[in-house]
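Work through the exercises below with the structure open beside you. Try each task before reading its solution.

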Amino acid sequence: MTFSDLSAHAEQFLALKRAVAKADPHGNSQDRRGLKHREKLLRNFVAYWRDQQCPWPIRFSLVLDWVAVGCDRQHPYRDQLRFYVVRAFLQQVRIFEPATQIPQNIYRPLYRRRTPHLYSEDDVTRLMKSAWHLQRVTPFRRVTVYALIGLLASTGLRIGEALALEVDDVMLNADPPYLLISDSKFGNSRNVVLLPVFFGYIANEKYKLVL
C-alpha cells in the first residue's frame, strides 16, 4: 500500500460522504462544517501515515499514536471523534484491502439513547382527561390537546408529524381512513391508518367530541 493508494481510498471515502450529505434534505450548515472537519482529520491521518514511512497493514497502535498527537485533555470528545473518523475510513478500505486492520472501539458511544417510557392505556386515559383541566387560553385548546394525545397514542406518530398535519392530509372518507404523512424523517412520506382505537379515544360522548 503506497501513499497514493491510501490517498485515493480517502478521496473515494470522502466523495461518498459528500454525496450522502448532499442527498440529505435535512442537512444544514452545521452538518456541512462537520463534514469539512472530518475531511481535514482524515487527510491529516493519511499525511501522518506517510510520515511514518507508510507501514502496512495499519495497526491499532498507529491510530492511537495519531490520536495522541492531537490530544486535548480539556476536550476529550475531540480525541474520540478523531478515532471514529479513521476507524470508519479503515472499515471501507478493508473492503478492497482485506489485510487492513480495524481498530477495536475503545470509547463509549458519543450518544446513548435513553430508555423510553411506555405509557399504559390507563396512563393515556388520564392524560387525555387532564387536558380538560388546562387553562382555556383559546376556545379549542382543550379539545385540541385531548385529540392530539389520542392521535399520538393510537398511531405512533412523532409529535412533529402530528403538528404538521393539514386538513387535506386527513382522509376520513377512505376505507380504511388514514393520514398522509409528508416529508417526515429523512424526507420520507407514508400513510398511517387510523385504527378503531383512535376513534374510541376521541369520539367520547362525555366530552361531546365529534369528527
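The exercises go from the overall layout to single residues, and the model is a predicted one.

**Exercise 1. Layout of the chain**

Task: Find how many helices and strands the chain has, and give their pattern along the sequence.

Solution:
- Step 1. Count the elements. There are 8 helices and 3 strands.
- Step 2. Read along the sequence. The pattern is α-α-α-α-α-α-α-β-β-β-α.
- Step 3. Check burial. Of the 211 residues in the chain, 28% are buried.
- Step 4. Check contacts between residues at least 6 apart in sequence. Of these, 49% join residues at least 24 apart.

**Exercise 2. The largest nonpolar core**

Task: Identify which residues touch the most other members of the largest nonpolar core. Then find which helix gives the most to this core.

Solution:
- Step 1. The largest nonpolar core holds 22 residues. L42, I58, V63, W66 and F89 touch the most other members.
- Step 2. Assign helices. At least two residues of this core come from each of α1 (3-23), α2 (29-51), α3 (60-69) and α4 (76-96).
- Step 3. Compare the contributions. α4 gives the most, with 7 residues.
- Step 4. Look for a core elsewhere. Another one, of 8 residues, lies apart from the largest core. Its members include L157, L179, I181 and F198.
- Step 5. Put this in context. Nonpolar side chains in soluble globular proteins tend to be buried together.

**Exercise 3. Around I58 and along α3**

Task: List the contacts of I58, leaving aside its neighbours within four places in sequence. Then decide where the buried residues of α3 lie around its axis.

Solution:
- Step 1. Start from I58. With those neighbours set aside, I58 is in contact with L6, F45, W49, V63, L90 and Q101.
- Step 2. Move to α3. Its buried residues are L62, V63, W66 and V67.
- Step 3. Take their arc around the axis. The four cover only 140 degrees, so they are on the same side of α3.

**Exercise 4. Rings and charges**

Task: Classify the ring pair of W132 and Y146 as stacked, tilted or edge-to-face. Then find which rings have R50 and R82 over them.

Solution:
- Step 1. Count the aromatic pairs. There are 4.
- Step 2. Take W132 and Y146. Their ring centres are 5.2 Å apart and their planes are at 55 degrees, so the pair is tilted. The cut-offs are under 30 degrees for stacked and over 60 for edge-to-face.
- Step 3. Place the partners. W132 is in the loop between α5 (121-130) and α6 (141-155), while Y146 is in helix α6. The pair therefore ties together parts that are 14 residues apart in sequence.
- Step 4. Compare burial. W132 is partly exposed, at 22% relative accessible area. Y146 is buried, at 2%.
- Step 5. Turn to the arginines. R50 lies over the face of F3, 4.9 Å from the ring centre. R82 has its charged end over the ring of W66, 4.0 Å from the centre.

**Exercise 5. The sheet**

Task: Work out the strand order and name the edge strands.

Solution:
- Step 1. Trace the order. The open sheet of 3 strands runs β1-β2-β3, with antiparallel pairing.
- Step 2. Find the edges. β1 (170-171) and β3 (190-193) each pair on one side only, so they are the edge strands.- Step 3. Examine one pairing. Strand β2 (residues 178-181) and β3 form 4 bridges in the antiparallel sense.
- Step 4. Pick a partner. L179 has V192 in β3 as its bridge partner.

**Exercise 6. Backbone features in loops**

Task: Locate the cis peptide bonds that end at P57 and P176. Then inspect phi at Q53 and C54.

Solution:
- Step 1. The bond from W56 to P57 is cis, with omega near 0 degrees. P57 is in the loop between α2 and α3.
- Step 2. D175 and P176 are also joined by a cis peptide bond, with omega about 0 degrees. P176 is in the loop between β1 and β2.
- Step 3. Go back to the loop between α2 and α3, where Q53 lies. Phi of Q53 is near 70 degrees, a positive value in a residue other than glycine.
- Step 4. C54 lies in the loop between α2 and α3. Its phi is positive, near 55 degrees.
- Step 5. Finish with accessibility. Q53 is exposed, at 66%. C54 is partly exposed, with a relative accessible area of 23%.

Definitions and conventions: Residues are numbered from 1 along each chain as its sequence is written. This is a predicted model: local features need pLDDT of at least 70, side-chain atom pairs count only at pLDDT 80 or more; totals for chains, interfaces and linings use all residues. Side-chain values use heavy atoms; hydrogens and water are left out. Rings of Phe, Tyr and Trp (its six-membered ring) pair if their centres lie within 6.5 Å; planes under 30 degrees apart count as stacked, over 60 as edge-to-face and the rest as tilted. Buried means under 20% relative accessible area, exposed over 50%, partly exposed in between (1.4 Å probe, protein chains only). A charge sits over a ring if NZ of Lys or CZ of Arg is within 6 Å of the ring centre and within 35 degrees of the ring normal. A nonpolar core is a set of buried Ala, Val, Leu, Ile, Met, Phe, Trp, Tyr and Cys residues joined through side-chain atoms within 4.5 Å. Contact means heavy atoms within 4.5 Å. The arc is that of the directions from the helix axis to the C-beta atoms. Two strands pair if DSSP finds at least two bridges between them.
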